Amino acid sequence: MYRWIANCLNCAGILLTLCAAGLAPHVAAKDFSGVYPQERLERVTQVYGNNIRGVLYQDIPRYLTPGEKAALAEVSLEIPSAQVNNDLFGFAMDLKTGRMNISAPAIAFFDDLAVSFAWYDRFKKDPTRISEYIVRLYSESDYLEPPLKALGVPERAWEQDAFVDDVSQKILTSGIAFLLLHELAHWHHQDRPYDAITPQRAQSQEIAADAYAVDVMRRMQTPPYGMVVWFLMTSMLSDGVARTHPLSEDRLEAIAAALESNPGGFISYENRKTLTVEDIKQLSKDIRFIADNLRD
């Protein structure tokens with residue numbers, strides 16, 4: 001599940017180009033329920049749901065302390081396939097009940113974007129089209145075309161090319177693992193609901209949750225590369241969300257610093273021949289460059 005290879009680092013060029021293209025600075029409220037048919041969402045809930053539960057309850061616990069495991073034991077995971085959805089970034093923790101909610105549309109959207117990044121990299125396509133699609137999806141109220149169709153990527157692209165399959169899976173897997181750990185951190189740290197604290201306190205909680213996720217991924221020896229894709233997408237979040245979540249560039253800077261401070265810690269024994277300390281350092285530089293471009 002967590003075997004990482006250097007091929008995934010090749011996506012950096014696409015991500016850097018996307019930053020240069022620029023993303024939408026503001027997102028108005030929009031109903032995204034028409035992006036995916038209900039049968040796709042139900043399939044995501046069933047297939048991906050089992051895999052995600054395996055990551056959270058079987059894979060991750062091997063790297064947790066006893067106290068962290070105790071916190072995880074109190075967490076329940078729900079992956080609803082509801083058709084109505086206003087959030088394509090639907091990963092959240094109910095800080096009152098310990099219920100972690102991951103929406104099927106959010107999983108499907110992340111998966112499709114991971115495949116698109118890998119496909120465009122493999123066939124040297126202009127990645128600005130990905131940026132333009134995301135901007136259009138969030139700026140046009142009636143535009144709901146799903147990613148693969150809009151970007152000209154085959155529906156089952158991973159079956160057509162081994163590179164696309166490998167890279168997209170690693171982007172998605174590392175990204176999902178980071179998000180699960182981020183939400184677990186909120187429960188483990190006994191964070192307070194955002195409506196009960198100041199925006200400054202909320203931002204501090206988000207930064208601490210990111211730091212926890214990066215630390216556990218270091219224990220797992222898995223670079224959190226998929227989060228670069230995620231943060232590029234969430235850089236378009238509304239002002240209301242931005243007040244409680246640090247700007248994407250700040251969070252990317254923190255991840256880059258963690259990679260830079262201990263690059264060897266993210267390389268497993270199995271990957272020592274395909275992934276080097278220099279690769280991780282370069283990944284840190286690429287992430288920092290992306291953060292700088294988002295800030296500009």
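R219 is partly exposed in this predicted model, with a relative accessible area of 23%. Its side chain meets that of D215 in a salt bridge, with N and O 2.8 Å apart. D215 is also partly exposed, at 28% relative accessibility. Both residues belong to helix α9, which covers residues 199-219, and they are separated by four positions, about one turn of the helix. In an α-helix there are 3.6 residues a turn, so residues three or four places apart point the same way. The R219 and D215 side chains also take part in a network of salt bridges that links E68, D215, R218 and R219.

The structure contains 16 salt bridges. Three of them are set out below, with the N to O distance and the relative accessible area of each partner.

| Salt bridge | N to O distance | Accessibility of the partners |
|---|---|---|
| R219 and D215 | 2.8 Å | R219 23%; D215 28% |
| E159 and R156 | 2.8 Å | E159 54%; R156 47% |
| D59 and R62 | 3.8 Å | D59 16%; R62 57% |

E159 counts as exposed, while its partner R156 counts as partly exposed. In the pair formed by D59 and R62, the closest N and O atoms are 3.8 Å apart. This distance qualifies because a salt bridge requires the side-chain nitrogen to lie within 4 Å of a carboxyl oxygen. D59 is buried, because its relative accessible area of 16% falls under the 20% limit. R62, in contrast, is exposed, because its 57% is over the 50% limit.

D59 is also one of the buried residues of helix α2. This helix has 22 residues and runs from 38 to 59. At 1.5 Å a residue, α2 should span 32 Å, and its end C-alpha atoms are 29 Å apart, which agrees. The helix has a kink of about 35° centred on G49.

Where is the kink placed with respect to burial? G49, at its centre, is itself listed among the buried residues of α2. The others in that list are R40, L41, V44, T45, I52, G54, V55, L56 and D59. The elements covering these buried residues include three helices, α3 (66-73), α4 (104-122) and α8 (162-188). Strands β1 (76-78) and β3 (99-102) are also among the covering elements.

Definitions and conventions: Residues are numbered from 1 along each chain as its sequence is written. This is a predicted model: local features need pLDDT of at least 70, side-chain atom pairs count only at pLDDT 80 or more; totals for chains, interfaces and linings use all residues. Side-chain values use heavy atoms; hydrogens and water are left out. Buried means under 20% relative accessible area, exposed over 50%, partly exposed in between (1.4 Å probe, protein chains only). Helices (H or I, at least four residues) and strands (E, at least two) are DSSP runs, numbered from the N terminus. The expected span of a helix is 1.5 Å times one less than its number of residues. The bend at a residue is the angle between axes fitted to the seven residues ending there and the seven starting there. Contact means heavy atoms within 4.5 Å.
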